[in-house]
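Here is a short briefing on one chain. Please look over the sequence and the 3D view before reading on.

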Amino acid sequence: MSIDEISPDGNIYVKCPTIAVAMSAMASLNGRFFAGKQIRAAFVPIAAYHQKFPDAIACTKILTAD
């Protein structure tokens, strides 16, 4: 996960382990509100994600809420 602190839109990027998880995350977030602003979730192709965040290529640990 990465937060784009420069973006005026407040972009947050999340790498999901599967397409199914990405679809579920997008469906769960899209249209909700955070800090008074509506979330607009969108997919980023994995190649573009890895180009933007090359260290993420080797990331395989799944974050969990403990």
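How much area does the chain expose, and what share of it do carbon and sulfur atoms supply? The exposed area is about 5800 Å². Carbon and sulfur atoms account for 61% of that area. Keep in mind that this is a predicted model.

**Overall layout**
- The chain holds four strands and two helices.
- Read from the N terminus, the order of elements is β-β-α-β-β-α.
- The C-alpha trace spans about 35 × 25 × 25 Å along its principal axes.
- The chain has 66 residues, and 11% of them are buried.
- Take the contacts with a separation of 6 or more: 33% of them join residues 24 or more positions apart.

**Charges**
- The chain carries 6 positive and 5 negative charges.
- The mean positions of these two sets lie 6 Å apart.

**Aromatic residues**
- Two aromatic pairs occur in the structure.
- In one of them, Tyr49 with Phe53, the ring centres are 4.9 Å apart and the planes meet at 50°.
- That pair counts as tilted, because its angle falls between the cut-offs of 30 degrees for stacked and 60 for edge-to-face.
- Distance of the centres and angle of the planes are the two values that describe a pair of aromatic rings.
- Both Tyr49 and Phe53 are buried.
- Tyr49 and Phe53 form one aromatic cluster together with Tyr13.

**His50 in helix α2**
- Helix α2 covers residues 46–52, and His50 is part of it.
- Is His50 buried or exposed? His50 has a relative accessibility of 19%, so His50 counts as buried, since the cut-off is under 20%.
- Which residues does His50 touch, leaving out those up to four places away in sequence? They are Lys15, Ala56 and Ile57.

**Ala27 in helix α1**
- Helix α1 runs over residues 19–29 and includes Ala27.
- The relative accessible area of Ala27 is 61%. Ala27 is therefore exposed, as the cut-off for that class is over 50%.
- Ala27 and Ile57 are 30 residues apart along the chain. Their C-alpha atoms are separated by 24 Å.
- Ile57 is also one of the residues that His50 touches.

Conventions:
Residues numbered from 1 in each chain as written. Predicted model: local features only at pLDDT ≥ 70, side-chain atom pairs only at ≥ 80, totals over all residues. Heavy atoms only, no water. Buried < 20%, exposed > 50% of the residue type's maximum accessible area, 1.4 Å probe, protein only. Contact = heavy atoms within 4.5 Å. Areas by Shrake-Rupley, 256 points an atom, 1.4 Å probe, with all protein chains shown as cover. Lys, Arg positive; Asp, Glu negative; His and termini not counted. Charge placed at Lys NZ, Arg CZ, Asp CG, Glu CD. Phe/Tyr/Trp six-rings, centres within 6.5 Å; stacked < 30°, edge-to-face > 60°.
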